[in-house]
Amino acid sequence: MVNAVENQPPHNVVIVGGGFGGLYAAKALAKAPVKVTLIDKRNFHLFQPLLYQVATGTVSPADISSPLRSVLSQCQNTQVLLGEVKQIEPQAQTVMVGEEVVPYDSLIVATGAKHSYFGKDEWEEFAPGLKTVEDAIEIRRRILVAFEAAEREKDPEIRAQWLTFVIVGGGPTGVELAGSIAELAYNTLKKDFRTIDTSEAKVVLLEGLDRVLPPFAPELSQSAAASLKNLGVDVQTNSLVTNLENDIVTMKQGDEVKQIAAKTVLWAAGVKASPLGKALHSSTGAEIDRAGRVIVEPNLSIPGHDNIFVVGDLAHFAHQNENGRPLPAVAPVAMQEGEYVAKLIQKRLNGKTLPPFNYVDHGSLAVIGQNHAVVDLGFIKLKGFLAWLFWLLVHIYYLIEFDNKLVVMTQWIWNYFSGNRGARLITQDEILQDLRSRGVSEESSQSTKASKQSIVIEKEVVKV
Ligand SMILES: Cc1cc2nc3c(=O)[nH]c(=O)nc-3n(C[C@H](O)[C@H](O)[C@H](O)COP(=O)(O)OP(=O)(O)OC[C@H]3O[C@@H](n4cnc5c(N)ncnc54)[C@H](O)[C@@H]3O)c2cc1C
């Protein structure tokens, strides 16, 4: 492709990461006279806000994953490359994808962030977090296997441990997970087991601060806590987890030290930026914050390198809030940042520029179970069923591909009226692996093996 006006090769934009930030940047450049290369280590865009529904068996992984090639197939100037970028060379203006050198004129880094264990990475094995499709499948396996193991367990004390689910972190993900697990235990699975009464399960949500959903208005936090309690969730605020070991969660509540015995612990706290933040720090000297996010300029570039931009969860943008707090790690921030940088690149090609980036906050939403959500639109705050309907419409609207919208909507409507969850599958290998790793006897494992015929294999994760 050659720029007809100046008879030069077109401006080369490389985007690393096809999440919300990278994808929206690529889409906004679709009609620009530039060549776009989008590199992602996955071949799909993941709609993370619905990951908790995969983790709790409501929808299947493929329903919330859209192949990047198909999403960008209409963007004629865009090439998608599958690969992991580990190194950026600002002097040479290249990124390394394995051994391959990919040159750029402008670079947009949008590789996101994941949960952090505050330096206690060894907790991850015991308490997985929710960020990827694999995480969601792992969490779903742990939850479903816990009920299966409880059904077979003779010792009431151990059975109670199998039926105790602890979620650490009372932000939106923790609240959504807790509400959904409670519904699974108290409604969906209620009639499916013979030895155990699944409604005796305990779902405990631990939050270090004094209320759940800390970024929301206090009245919405209160409403969310009340809905969680209605669903049967034991909400414990001011609870700081100090250790996770041998199926025991240890926490501090004020001066008091408390322990909960639980075989399923899920982590929904903290944030740790993608390692490319550190790589950029090493190669450009750009400052990073404690979470490893890159501190960006008002136009989202990094100091001294005005052709390298960082957007989304990897960016620390603190130019808008008077208190110096960075913008939150939510999808709309990433989307608006991606679109802004795409626009800025086009302006610059015409010798112009843009005013600094300004995030327009359209509001925050969090869902608690199947009928309740909280919505803060600034000028209006909604809670309960109306908020839930609003949440539903927004999520369907933003699901990237039409077929996904239709599939997910149909699934939700079916689940809503039937009270069922279809995506409750555990594959054979996963069951055996999980039972063994959790110390269930070989005899139990063998009899699980015997039921191999009845186990359905999970449908393919990604449609290609
Ligand atoms: C469980 C969960 C629930 C959430 N719920 C909500 C919600 O309800 N509402 C909301 O607004 N936000 C929600 N968020 C936050 C939202 O998903 C993020 O803010 C958003 O995804 C950030 O977009 P991003 O483009 O910065 O990163 P991501 O969407 O995380 O995308 C990063 C991309 O980069 C790729 N990548 C990473 N490293 C490399 C590399 N080295 N080389 C190549 N590719 C790489 C990844 O494969 C991925 O595709 C939720 C997040 C999670 C985890």
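User: Which helix is Phe417 found in?
Analyst: This is a predicted model. In the model, Phe417 is found in helix α11, which covers residues 402–418.

User: Is Phe417 buried or exposed there?
Analyst: Phe417 has a relative accessible area of 69%. The cut-off for an exposed residue is over 50%, so Phe417 counts as exposed.

User: Which residues make the nonpolar surface patch with Phe417?
Analyst: The patch is made by Leu406, Met409, Ile413 and Phe417. Its area is about 410 Å².

User: Which way do residues three or four places apart in an α-helix point?
Analyst: An α-helix has 3.6 residues a turn, so residues with that spacing point the same way.

User: New topic, cavities. How many of 30 Å³ or more are there?
Analyst: The count comes to 1 cavity of that volume or more. The largest cavity has a volume of about 70 Å³.

User: Which residues line the largest cavity?
Analyst: The lining includes Arg293, Gly312, Asp313, Ala315 and Phe317. Further along the chain, Leu327, Pro328, Ala329, Val330, Val333, Ala334 and Glu337 also line the cavity.

User: And what classes do they belong to?
Analyst: By class, the lining of the largest cavity has 8 nonpolar residues, 1 polar residue and 3 charged residues.

User: Which helix gives the most to that lining?
Analyst: Helix α9, residues 331–349, gives the most, with 3 residues.

User: Now helix α1. How many of its residues are buried?
Analyst: In helix α1, residues 20–28, 7 of the 9 residues are buried, so the helix is largely enclosed by the rest of the structure.

User: Which ones are buried?
Analyst: The buried residues of α1 are Phe20, Gly21, Gly22, Leu23, Tyr24, Ala25 and Ala26.

User: What about Ile167, where does it lie?
Analyst: Ile167 lies in strand β11, which covers residues 164–168. With a relative accessible area of 0%, Ile167 is buried, because the cut-off for buried is under 20%.

User: How far is Ile167 from Val265?
Analyst: Their C-alpha atoms are separated by 5.8 Å, although the two residues are 98 residues apart along the chain.

User: Last one: where does Gln76 lie?
Analyst: Gln76 lies in the loop between α3 (68–71) and β5 (78–82). At 71% relative accessibility, Gln76 counts as exposed.

User: And what separates Gln76 from Lys31?
Analyst: The C-alpha atoms of Gln76 and Lys31 are separated by 8.3 Å. Along the chain, these residues are 45 residues apart.

Key. Residues are numbered from 1 along each chain as its sequence is written. This is a predicted model: local features need pLDDT of at least 70, side-chain atom pairs count only at pLDDT 80 or more; totals for chains, interfaces and linings use all residues. Side-chain values use heavy atoms; hydrogens and water are left out. Patches are made of residues with over 30% relative accessible area and no salt bridge: like charges are joined within 9 Å, nonpolar side chains (Val, Leu, Ile, Met, Phe, Trp, Tyr) within 5 Å. Accessible areas come from the Shrake-Rupley method with a 1.4 Å probe; for residues, only the protein chains shown count as cover. A salt bridge is a side-chain nitrogen of Lys or Arg within 4 Å of a carboxyl oxygen of Asp or Glu. Helices (H or I, at least four residues) and strands (E, at least two) are DSSP runs, numbered from the N terminus. Buried means under 20% relative accessible area, exposed over 50%, partly exposed in between (1.4 Å probe, protein chains only). On a 1 Å grid over the protein atoms alone, a cavity is a set of points where a 1.4 Å probe fits but cannot get out, and a pocket is an open set with protein on both sides within 12 Å along at least five of seven lines; lining residues have an atom within 4 Å of a point. Grid points are joined across faces, edges and corners, and a volume is the space filled by probe spheres set on the points. Ala, Val, Leu, Ile, Met, Phe, Trp, Tyr, Cys and Pro count as nonpolar, Asp, Glu, Lys and Arg as charged, and the others, Gly among them, as polar.
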